[in-house]
Amino acid sequence: KSVTAFAPATVANVSCGFDILGFAIDELGDKVTVSLTDTPGLKMVRIEGDGGRLPYEVDKNTCSVAIQAMLDKLFFDKGMEISLYKGLPLGSGMGSSAASAAAALVAANALLGNPFEKKDLIPFAIESERIACGAAHADNVAPSLLGGFVLIRDYTPLDVVKLPVPKGLFCTLLHPHLELNTADSRSVLRKQISLKDATIQSGNIAGLIAGLFQGDLALISRSLKDVIAEPSRALLIPGFYELREAIKAAGALGSGISGSGPTVFILSPGKEIAQKVGQISKQVFEKIGLGVDVY
Ligand code: HSE
């Protein structure tokens with residue numbers, strides 16, 4: 001008996017919501033197949049699409065780490081074999097490790113007759129983020145599991161809130177051909193922020209959430225700002241600010257770093273603008289000699 005599940009790419013932070021906001025992307029993602037075996041224990045039997053870079057060791061792979069965290073809560077005396085089919089590039093900021101963990105959990109949970117609700121799988125997926133980047137953040141795994149926009153109001157205890165997705169909101173992802181690992185892009189962050197920055201950031205988070213509830217795209221646009229992580233991380237992404245100017249002029253709502261980068265996300269009011277800003281951004285990156293994939 002085996003089950004295959006898909007889990008989507010995600011944009012974590014959404015500019016102002018460092019570690020507390022994220023949304024899922026339609027279509028792009030990873031697939032995981034999990035099969036029951038009589039031999040106890042977990043085994044990674046196949047990994048495709050990763051260029052041979054992901055570990056097969058069950059205590060290092062995000063799929064098996066997440067499933068093990070789930071099994072630790074159950075009585076389970078059989079085994080599972082896990083196959084991972086990567087659709088997402090590694091180190092891209094699109095929630096690649098989270099998508100693998102989320103798909104693995106959904107498949108394993110289904111195989112056991114769904115003892116857990118989707119929301120209850122989030123703590124297990126967080127364990128895999130701890131392994132992947134050293135930080136147990138939930139802003140990729142929660143939207144990958146639940147879909148749409150998700151707020152992590154608190155981590156201790158975990159308090160996750162699904163938010164509405166306004167009609168007509170489209171996301172373009174630009175993946176410049178650079179690789180940044182999350183641990184490195186967390187290490188460049190300031191450890192202290194000023195009262196002034198905390199106030200600005202709080203206003204933008206509140207504005208973004210109000211904009212999502214009211215379907216107010218102009219308010220969302222004004223709120224897509226980040227004074228905490230972006231100033232340090234944008235330096236790692238050549239062309240980041242030129243791109244912002246170019247896509248705003250073309251009618252996009254705004255742009256930001258997707259998760260810890262280097263992927264940049266752009267939100268647009270409608271599909272046409274989303275496609276147009278994809279083309280424009282490609283030119284911006286190519287002008288500075290950087291290849292880019294547009295999704
Ligand atoms: N919130 C995390 C960070 C997301 O910005 O480091 C990592 O994808």
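**Group meeting: a four-stranded sheet and its surroundings**

Okay, let's start with the sheet. There's an open sheet of 4 strands in the order S8-S9-S7-S10, and the pairing is antiparallel. At the edges we have S8 and strand S10, residues 292–294, each of which pairs on one side only. Ignoring direction, neighbouring strands of this sheet are turned by 20° against each other on average. And before I go on, please keep in mind that this is a predicted model.

Now, what packs on that sheet? Helix H10, residues 271–287, does, and it touches S7, S9 and S10. The direction of H10 makes about 15° with that of S7.

Let me walk through the pairings. S7 covers residues 169–176, and it pairs with S9 in the antiparallel sense over 6 bridges. If you want to find the register on screen, look for Leu173, which stands opposite Phe265 in S9. Cys171 stands opposite Leu267, also in S9. Then there's S8, residues 254–257, which is joined to S9 by 4 bridges and runs antiparallel to it. Here Gly254 has Leu267 as its bridge partner in S9. So Leu267 is a handy landmark: you'll find Cys171 opposite it in S7, and Gly254 bridged to it from S8.

How enclosed is S9, then? Of the 6 residues in this strand, 264–269, 5 are buried, so S9 is largely enclosed by the rest of the structure. In this model, a residue needs 20 or more other C-beta atoms within 10 Å of its own to be called buried.

Next, the hairpin of S8 and S9. There are 6 residues between the strands, and in that hairpin Gly259 takes a positive phi near 55°. The loop between S8 and S9 is also where Pro262 sits. The peptide bond leading into Pro262 from Gly261 is cis, with omega near 5°.

That hairpin brings me to the ligand. Which residues come nearest to it? Out of 14 around the ligand, those are Ala12, Asp19, His137, Gly259 and Ser260. So Gly259 turns up twice: with its positive phi in the hairpin, and again among the residues that come nearest to the ligand. By class, the shell has 3 nonpolar, 8 polar and 3 charged residues.

A quick word on annotation. The unreviewed UniProt entry places a "GHMP kinase C-terminal" domain at residues 209–278. In the model that span is 50% helix and 14% strand, and its end C-alpha atoms lie 25 Å apart.

Last bit: some backbone oddities elsewhere. There's a cis peptide bond from Thr156 to Pro157, with omega near -5°. Pro157 lies in the loop between strand S5, 149–155, and strand S6, 158–163.

Then two asparagines. Asn13 isn't a glycine, yet it has a positive phi of about 80°. You'll find Asn13 in the loop between strand S1, 2–12, and strand S2, 21–37. Asn114 has a positive phi as well, near 55°, and it lies in the loop between helix H2, 96–111, and helix H3, 122–133.

Are they buried or exposed? Asn13 counts as buried because it has 27 C-beta neighbours inside 10 Å. Asn114 has 10 such neighbours, so it counts as exposed.

That's what I had. Over to you for discussion.

Key: Residues are numbered from 1 along each chain as its sequence is written. This is a predicted model: local features need pLDDT of at least 70, side-chain atom pairs count only at pLDDT 80 or more; totals for chains, interfaces and linings use all residues. A residue is near a molecule or strand if its C-beta atom, placed from the backbone, lies within 6 Å of it. Ala, Val, Leu, Ile, Met, Phe, Trp, Tyr, Cys and Pro count as nonpolar, Asp, Glu, Lys and Arg as charged, and the others, Gly among them, as polar. UniProt positions are given in the numbering used here, feature names are shortened, and annotations may be inferred rather than shown by experiment. A residue is buried if 20 or more other C-beta atoms lie within 10 Å of its own, exposed if 12 or fewer, and partly exposed in between; C-beta atoms are placed from the backbone. Two strands pair if DSSP finds at least two bridges between them. Axes are lines fitted to C-alpha atoms, for helices over the stretch in contact, and angles run from 0 to 180 degrees between N-to-C directions. Two residues are in contact if their C-beta atoms, placed from the backbone, lie within 7 Å.
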